[in-house]
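Hi,

Here is the structure I promised to pass on to you. Have a look at it first, and then read on for what I found in it.

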Amino acid sequence: MNIDFLNYSAFYLLLALILLFLNLFKKDKSQANYKKHFSDDMYNQIFVKKESSKISYLFLLMSYIFIIISIARPIIINEKANDLKDNGKFLVLFDISASMQAKDIYPSRIDFVKNKFNILLENLTRQELGILAFTHEVYLLSAITSDYESLKYKVKNLNLDNIDVNGSNLLKALKKVPQFLNTNDQKVILIFTDGTEKSDFSEEIKYAKSKNIRVYIYATATNKGINLTKKQKILKDTNGNIVITSLNNNIQSLA
């Protein structure tokens with residue numbers, strides 16, 4: 001079982017927390033100086049008096065730390081994708097539809113994915129991989145290679161600013177896999193996606209099984225979702241309703 005965080009920047013608050021406590025609880029300061037930082041009600045609740053137990057101070061500090069951890073949004077990854085390390089070759093597929101620009105994951109879904117891809121490369125050794133990007137069409141970003149620096153460069157410069165295609169055709173992307181992993185052995189792919197808009201992935205499952213494709217999904221969205229914007233304007237559908245994009249949990253049936 002692995003633990004990861006969706007919002008690493010929250011840990012910067014730990015530094016602010018340390019500075020706050022150093023500033024407020026210096027021995028040479030009087031209680032009058034402390035009070036200027038809080039309302040009377042808040043002061044009476046959180047101030048650790050001289051006669052108070054050290055345990056009270058510890059509980060106060062720990063409560064702030066747990067708040068920061070919750071803001072960092074910890075997640076538990078139950079399954080290790082060992083095949084990505086053990087297999088000689090595999091493909092990484094990037095969903096680049098418009099919804100991947102949503103910011104329900106900091107700083108955005110696509111930027112979060114780019115960071116995770118770099119972390120993946122840092123944990124590989126001799127494996128070769130290729131990259132496909134897909135919306136309703138499929139694009140080759142990189143053929144199979146072990147040149148990790150070139151892969152990092154291509155993914156870093158993957159720009160979605162001019163992409164306004166809503167939705168993705170995952171089946172079409174899967175049908176490209178045998179062209180690059182043309183082996184009779186099991187083919188392994190990793191898909192970064194928010195789940196696309198489909199509710200039934202039976203076609204994709206059938207095709208993957210027929211071609212001996214093992215699929216790993218890295219879901220990059222939240223269940224709550226967020227509204228989509230383009231050029232700082234909130235997108236609306238033809239009925240004038242605000243477009244909300246969230247994680248499509250049905251995608252897990254394909255993994």
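Asp194 and Arg109 form a salt bridge, with 2.8 Å between their closest N and O atoms. Keep in mind that this is a predicted model. The pair links distant parts of the chain, since the two residues are 85 apart. Asp194 sits in the loop between strand S6 (187-193) and helix H10 (202-210), whereas Arg109 belongs to helix H6 (residues 109-122).

Are these two residues buried or exposed? Asp194 counts as buried because its relative accessibility is 3%, under the 20% cut-off. Arg109 is buried too, with a relative accessible area of 0%.

Arg109 also has another partner. Asp104 forms a salt bridge with Arg109, and here the closest N and O atoms are again 2.8 Å apart. Asp104 is buried, just as Arg109 is. Through these shared partners, Asp104, Arg109 and Asp194 are joined into one network.

How many salt bridges does a search of the whole structure find? It finds six. One of them brings together the side chains of Lys198 and Glu203, at 3.9 Å from N to O. Lys198 is partly exposed, because its relative accessible area is 24%, and that value lies between the 20% and 50% cut-offs.

Now follow helix H6, where Arg109 is found. H6 has 14 residues and reaches 20 Å from its first C-alpha to its last, close to the 20 Å expected at 1.5 Å a residue. Buried residues in H6 include Arg109, Ile110, Phe112, Phe117 and Leu121.

Phe117 and Leu121 lead us to another residue worth finding, Leu151. Leaving aside neighbours within four places in sequence, Leu151 is in contact with Phe117, Leu121, Leu129, Ile131, Ser142 and Thr145. Leu151 lies in helix H7 (residues 148-156) and is buried, because its relative accessible area is 0%. Try locating Gly130 as well: Gly130 and Leu151 are 21 residues apart in sequence, but their C-alpha atoms are 8.3 Å apart in space.

Thr145, one of the contacts of Leu151, is part of strand S5 (residues 138-145). Why does Thr145 count as buried? The reason is that its relative accessibility is 19%, which is under the 20% cut-off. Beyond its neighbours within four places in sequence, Thr145 is in contact with Gln127, Glu128, Leu129 and Leu151. A polar atom of the Thr145 side chain also lies 3.0 Å from the backbone nitrogen of Asp147.

Finally, go back to strand S6. Seven of its seven residues are buried, and both of its faces are covered. On one side are Lys187, Ile189, Ile191 and Thr193, and on the other are Val188, Leu190 and Phe192.

Which strands pair with S6? Strand S3 (residues 89-95) pairs with S6 in the parallel sense over four bridges, and Leu91 has Ile189 of S6 as its bridge partner. Strand S7 (residues 213-219) also runs parallel to S6, and seven bridges join the two. Among the bridge partners here, Val188 is matched with Arg214 in S7. Together, S6, H10 and S7 make a right-handed β-α-β unit.

If you would like a place to start, pick out Arg109 and its salt bridge with Asp194, then trace S6 on to H10 and S7.

Happy exploring!

How values were computed
Residues are numbered from 1 along each chain as its sequence is written. This is a predicted model: local features need pLDDT of at least 70, side-chain atom pairs count only at pLDDT 80 or more; totals for chains, interfaces and linings use all residues. Side-chain values use heavy atoms; hydrogens and water are left out. Buried means under 20% relative accessible area, exposed over 50%, partly exposed in between (1.4 Å probe, protein chains only). Contact means heavy atoms within 4.5 Å. A polar contact is a pair of N or O atoms within 3.5 Å; within protein, one must be able to donate a hydrogen and the other to accept it, and residues adjacent in sequence count only if both atoms are side-chain atoms. A salt bridge is a side-chain nitrogen of Lys or Arg within 4 Å of a carboxyl oxygen of Asp or Glu. The expected span of a helix is 1.5 Å times one less than its number of residues. Two strands pair if DSSP finds at least two bridges between them. A crossover is right-handed if, with the strands pointing away from the viewer, the path from the first strand over the helix to the second runs clockwise.
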